[in-house]
Protein chains: 2
Amino acid sequence: MSAELLYGTPCAEEILRETEKEMRGKSATLYTVGFGDPQWKQYTQALAKSAAQCGFAMNNVYLDSDAEVEAMREKVRKACAAKDAAGVLVEQPLPARFADVVNDIDKSLDVDCLSPLSVAALYRGENGFRPATPSAVIRLLDFYRIPIRGKRAVIVGRGNAVGKPLALMMLSRDATVTVCHTKTVDLAQICSTADILVSACGVPALIKSDFVADGATVIDVGLSFVNGKACGDVDTSVYGKCRAVTPVPKGVGPVTRAVLLENMLKAVKSK
Amino acid sequence: MSAELLYGTPCAEEILRETEKEMRGKSATLYTVGFGDPQWKQYTQALAKSAAQCGFAMNNVYLDSDAEVEAMREKVRKACAAKDAAGVLVEQPLPARFADVVNDIDKSLDVDCLSPLSVAALYRGENGFRPATPSAVIRLLDFYRIPIRGKRAVIVGRGNAVGKPLALMMLSRDATVTVCHTKTVDLAQICSTADILVSACGVPALIKSDFVADGATVIDVGLSFVNGKACGDVDTSVYGKCRAVTPVPKGVGPVTRAVLLENMLKAVKSK
């Protein structure tokens, strides 16, 4: 039995179509602030294409590599104060001393859930923007009608960008959630108990076929480059085994960008 | 085989002794703000005893039952502005419309980790106060030299007061963490995979002997009253089976109060 490939593109296109429709006659800008690390630039460039399709402008603010915290804070504040701003992103990851610059993102513009107020709302299950990548995982599951409630979800990775927020979001969708990481003993056995297995490690081919149950759905949030080729955390041996798996590329990535722009639309509507 | 009973009292006394020693010659006040629900009053009264032992005063501010959000916000602000304040607590739980009053607790006085800035620091694993009850669970495990790193922790309950913060804190201590709740299917089977099983539901006798592995440690954070008698989530049948279990009362409760006062000491020292 071969696994169904859960492509992100049809899900992303549906979200973008709806966003474009609702944005007609409106305009708004997504500000990004950062140093312009190559991976960040690649992300914002991919985002810019979908953004233009929906009628959003992008304004990327780059600081010199020797810029200090206060300088970045100033740029974030300026972006938040801009009349046309509907969303503000700060490059992630940044060196630890820059951690607090996200504190200045206005909650109403915090379309990727970076500021403490947004994080606290996510944690408490209150209204607010949710981060794009874990939201994309849940949107993909919903799009392909894979039930979450009462299911066992195993998340490999405990980072602030995916593992932790996704755990909280899957919990509020009534999954029973296990979070694994580098110190987990017997990772394969624990992963094999999952109805929904999500890997967000950035370790190529970490998830092998003995990690997955026959009926499982596998969501691959990893992104690494091996010999210049994009690949996820899931080994190709898994494709012959589980029920369904997201490919890399063309899996979670396009949905992440679409969800972020949908958050932009929400920001515009609540202005 | 009978389980070792992990009493909280010796652990709490150790913390209180150390706190008392370090507080000698100093003074500070813990402010509480709330409506004075009977359970909250009982908690603050128990706290007051240990507080006095350590040289802390308590100032309990009660609002009329018809008081509105702005009135409570004002009391919280006033408590934070008081010269003698080293900590400010807001009664939990409160009706949903009061959720935001904790936003006004100054981070340096937020000894039970209620405000968004504290919650975000907990979430991101940054410095800051951690909530007393989940901290007490970890302190008890450390006190009795029960290893956490690489172990499987199963937490029953996904509330904001215990389940969620404890999951994040156990993750940062390198446990592999599973969170179960009312929608979990086959709770007994999942619980039986735990090295450390924590129950924080408030459902008397929910955790039966078939929920626990022989070598497991069981931490009972539940507190209910049956025929006027305090009891936890763990059925007495468990006491004959697992390696160790915390009793209720005299388990996690006294450690929670001690940890809160230790947080007060930290607040005093960083003034």
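**Exercise 1. In this predicted model, find which strands of chain B helix α3 lies across, and at what angle to β4(B) it runs.**

Step 1. Locate the helix: α3 of chain B covers residues 69–81.

Step 2. Look at what sits against it. Helix α3(B) lies across β2, β3 and β4 of chain B.

Step 3. Take the axis angle. Helix α3(B) runs at about 160° to β4(B).

Step 4. Now try helix α2 of chain B, residues 38–54. This one lies across β2 and β3 of chain B, and its angle to β3(B) is about 160°.

**Exercise 2. Work out the strand order of the three-strand sheet in chain B.**

Step 1. Start with one pair. Strand β2(B), residues 28–34, and β3(B) share seven bridges in the parallel sense.

Step 2. Pick a register point: Thr29(B) is opposite Ala57(B) of β3(B).

Step 3. Add the remaining strand. The order comes out as β3-β2-β4 in chain B, an open sheet with parallel pairing.

Step 4. Check the ends. β3 (56–62) and β4 (85–90) of chain B are the edge strands, each pairing on one side only. From one strand to the next, the twist averages 20°.

**Exercise 3. Trace the twelve-strand sheet from one edge to the other.**

Step 1. Begin at the chain A edge. β1(A) and β11(A), the latter at residues 244–245, pair in the parallel sense over two bridges. Glu4(A) stands opposite Ala244(A) there.

Step 2. Move inward to β7(A) and β8(A), the latter at residues 217–220. They run parallel and are joined by four bridges, with Leu197(A) partnered to Val218(A).

Step 3. On to β5(A), which is also parallel to β7(A), again through four bridges. Here Ile155(A) faces Val198(A).

Step 4. Cross between the chains. β6(A) and β6(B), the latter at residues 176–180, run antiparallel and are joined by three bridges. One bridge pairs Thr178(A) with Thr178(B).

Step 5. Write out the full order: β1(A)-β11(A)-β8(A)-β7(A)-β5(A)-β6(A)-β6(B)-β5(B)-β7(B)-β8(B)-β11(B)-β1(B). The sheet is open and its pairing is mixed. Its edge strands are β1 (4–5) of chain A and β1 (4–5) of chain B.

Step 6. Add a helix. Helix α6 of chain B (residues 163–172) lies across β6 of chain A as well as β5, β6 and β7 of chain B, at about 170° to β6(B).

**Exercise 4. Say how chain A and chain B are related, and where the axis passes in terms of chain A.**

Step 1. Superpose the copies. A turn of 180° with a shift of 0.0 Å along the axis lays chain A on chain B, with an RMSD of 0.0 Å.

Step 2. Read off the symmetry: the two copies are therefore related as by a two-fold rotation axis.

Step 3. Find the C-alpha of chain A nearest the axis. It belongs to Thr178(A) and is 2.0 Å from the axis.

**Exercise 5. Describe the side of chain A that touches chain B.**

Step 1. Count the contacts: 25 residues of chain A meet 25 residues of chain B.

Step 2. List the elements of chain A that each supply at least two residues: α4 (116–124), α6 (163–172) and β6 (176–180). The most come from α4(A), with six residues.

Step 3. Sort by class. This side of chain A has 13 nonpolar, five polar and seven charged residues.

Step 4. Compare the two sides. The copies meet through the same surface, because 100% of the interface residues of chain A are also interface residues in chain B.

**Exercise 6. Is Gly157(A) buried or exposed, and which residues does it touch?**

Step 1. Place the residue: Gly157(A) is in the loop between β5 (152–156) and α6 of chain A.

Step 2. Apply the cut-off, which is 20 or more C-beta neighbours within 10 Å for a buried residue. Gly157(A) has 24 inside 10 Å, so it counts as buried.

Step 3. List its contacts, leaving out residues up to four places away in sequence. Gly157(A) touches Val162(A), Gly163(A), His181(A), Ser199(A), Ala200(A) and Cys201(A).

Step 4. Follow Ser199(A) into β7(A), residues 196–199. Leu197(A) and Ser199(A) point one way from that strand, Ile196(A) and Val198(A) the other, and all are buried.

Conventions. Residues numbered from 1 in each chain as written. Chains lettered and ligands numbered in written order. Predicted model: local features only at pLDDT ≥ 70, side-chain atom pairs only at ≥ 80, totals over all residues. Pairing = 2+ DSSP bridges. Axes fitted to C-alpha atoms, helices over the stretch in contact; angles between N-to-C directions. Contact = placed C-beta atoms within 7 Å. Nonpolar A, V, L, I, M, F, W, Y, C, P; charged D, E, K, R; others polar. Buried ≥ 20, exposed ≤ 12 C-beta atoms within 10 Å, placed from the backbone. Least-squares fit on C-alpha atoms with pLDDT ≥ 70 in both.
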